[in-house]
Amino acid sequence: MPVSDSVSADDREAAGDEETGSAGDGPGLPINELFESLQGEGTLAGVPSVFVRTSGCNLRCWFCDSYHTSWEPTHATMSLAEIVAEVERYDADHVVLTGGEPLLHEASVDLLERLDDRGYHTTVETNGTIHRDAPIDLASISPKLESSTPTPERDPKGEGEWEKRHEDARIDLEALAALVEDYDYQLKFVVTDDADMPEILDLLEELRGVADVPVRDGNVLLMPEGATRERLAETRTRVADLAMEYGFRYTPRLHVDLWNDAPET
C-alpha cells in the first residue's frame, strides 16, 4: 500500500498519543507499509509473511533501513479493523509487526490481540527499549549498539540533534529482561565488524545478570549491517565468521539478497 502524510508531534513518541482510524474503530496506527513477502531475517527467514510496518521510532540509527519510519516518517492512518481486513487479503498466516518501533503505540497491543484471535502467528520486531503485555509469538529483539549512534559525521540529515538522545535511550536493560522473560525471543544484533563484539558480549553478560530466564547463545543472532546488496557484500562474510567464532547464529538478510533495497520487500 502507498504511504501518505507525515507523522506529526515528534513522531507521536508519547506511546499514548494514538491516531484515530478512518473507520471509527477507536485508536488507529500510523502505517508506513502493509505488504506480503518472505521474512528475510532471523529464525523464521524464508517464511511467507504479511508485514505491518508502523511509522515512528524513539531511536535514530544512522543506517536505518526504514528511513521513512524514523528520520522522515510517513504513513497512512488506518483503523485496526482496516489493518486486519488488509492482512486477511493475503494467504500468509504469519504476521510481522515492525517499524520504526511498533511498541511505541498502545494500539499495537490491540492489533496483536485481534491477530491472535484469528489464529495468526506473530513476530514483533523491536529495538528492545519498550515492553508491553501482548500475545507475541516471537519477540525479535534488536538491541542497538554504539555503532548505530548518529554521530555528526554519520547523521543522514546532518543536524546532530539525535546523537545524545539516541545514545541515552538505545539500551534499556529492564525492558530487555522483561521481553526475554515473557516471550519466545531472538536477540538479533546488527554487526559491522569485529569492533562490535566486545559490546555484544558485555551486554549479554549484563542481561544474564538481571534476567530470570537463561539467555542462551542459541538465541543470539548476528546479522550483517547493510541495506543494499553492495553493502552486504562488504560485511556478511566477516559477520558469518564471527558467528562461528563465538558460537552464535548467523542470520541472512534474504530480502536484500533477493530484491536489494526495493520498498515493500
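**Exercise 1. Determine how the radius of gyration of the protein in this predicted model relates to that of a compact globule with 265 residues.**

Step 1. For a chain of 265 residues, a compact globule would have a radius of gyration near 18 Å. Step 2. The protein in this model, which is a predicted one, has a radius of gyration of 17 Å, and this agrees with the globule value. Step 3. To add the outline, take the principal axes, along which the C-alpha atoms fill a box of roughly 50 × 40 × 35 Å. Step 4. For the interior, buried residues account for 52% of the 265 residues, and the secondary structure comes to eight helices and 10 strands.

**Exercise 2. Work out how strand β9 is placed among its neighbours, and which way its residues point.**

Step 1. Begin with burial: strand β9 spans residues 220-224, and five of its five residues are buried, so that the strand is mostly covered. Step 2. Next, sort the residues by direction, remembering that in a regular strand the side chains alternate between the two faces of the sheet. In β9, Val220, Leu222 and Pro224 point one way, while Leu221 and Met223 point the other way.

Step 3. Turn to the partner strand β8, made of residues 185-191, which pairs with β9 in the parallel sense over five bridges; as an example of this pairing, Lys188 has Leu221 in β9 as its bridge partner. The connection between the two strands involves helix α6, residues 197-210, and β8, α6 and β9 together make a right-handed β-α-β unit.

Step 4. Then consider strand β10, residues 249-250, which pairs with β9 in the parallel sense over two bridges, with Tyr250 in β10 as the bridge partner of Leu222. From β9 the chain crosses through helix α7, residues 229-246, to reach β10, and this β-α-β crossover is right-handed.

**Exercise 3. Explain why β6 is described as largely enclosed, and identify the strands with which it pairs.**

Step 1. Five of the six residues of β6 are buried, and therefore the strand is largely enclosed by the rest of the structure. Step 2. One partner is β5, which pairs with β6 in the parallel sense over four bridges; within this pairing, Val96 has Thr123 in β6 as its bridge partner. The chain passes from β5 to β6 through helix α3, residues 107-117, in a right-handed β-α-β crossover. Step 3. Another partner is strand β7, residues 138-141, which also pairs with β6 in the parallel sense over four bridges, and here Ile141 in β7 is the bridge partner of Thr126.

**Exercise 4. Describe the largest pocket by its volume, its lining and the elements that supply the lining.**

Step 1. The idea behind the search is that rolling a probe the size of a water molecule over the atoms shows where empty space is left. The largest pocket holds about 1,100 Å³ of space. Step 2. Its lining has 50 residues, of which Arg53, Asp65, Ser66, Gly99 and Arg253 lie nearest the centre. Step 3. Divided by character, the lining residues are 17 nonpolar, 19 polar and 14 charged. Step 4. At least two lining residues each come from β2 (27-38), β3 (48-54), β5 (94-98), β6 (121-126), β8 and α8 (254-259), and the largest share, four residues, belongs to β2.

**Exercise 5. Decide whether Val52 is buried or exposed, and find how far its C-alpha atom is from that of Arg132.**

Step 1. Val52 has its place in strand β3. Step 2. Residues under 20% relative accessible area count as buried, and Val52, at 0% relative accessibility, is therefore buried. Step 3. Val52 and Arg132 are 80 residues apart along the chain, and their C-alpha atoms are separated by 18 Å.

**Exercise 6. Examine the backbone at Gly100, Asn260 and Glu264.**

Step 1. As a background rule, most residues other than glycine have a negative phi, and most peptide bonds are trans. Step 2. The peptide bond from Gly99 to Gly100 is cis, with omega near 10°, and Gly100 lies in the loop between β5 and α3. Step 3. Asn260, in the segment after α8, has a positive phi near 60°. Step 4. Glu264, which also lies in the segment after α8, has a positive phi near 55°, and at 31% relative accessibility Glu264 counts as partly exposed.

Note on methods:
Residues are numbered from 1 along each chain as its sequence is written. This is a predicted model: local features need pLDDT of at least 70, side-chain atom pairs count only at pLDDT 80 or more; totals for chains, interfaces and linings use all residues. Side-chain values use heavy atoms; hydrogens and water are left out. Buried means under 20% relative accessible area, exposed over 50%, partly exposed in between (1.4 Å probe, protein chains only). Two strands pair if DSSP finds at least two bridges between them. A crossover is right-handed if, with the strands pointing away from the viewer, the path from the first strand over the helix to the second runs clockwise. On a 1 Å grid over the protein atoms alone, a cavity is a set of points where a 1.4 Å probe fits but cannot get out, and a pocket is an open set with protein on both sides within 12 Å along at least five of seven lines; lining residues have an atom within 4 Å of a point. Grid points are joined across faces, edges and corners, and a volume is the space filled by probe spheres set on the points. Ala, Val, Leu, Ile, Met, Phe, Trp, Tyr, Cys and Pro count as nonpolar, Asp, Glu, Lys and Arg as charged, and the others, Gly among them, as polar. The radius of gyration is taken over C-alpha atoms; the globule rule is 2.2 Å times the number of residues to the power 0.38.
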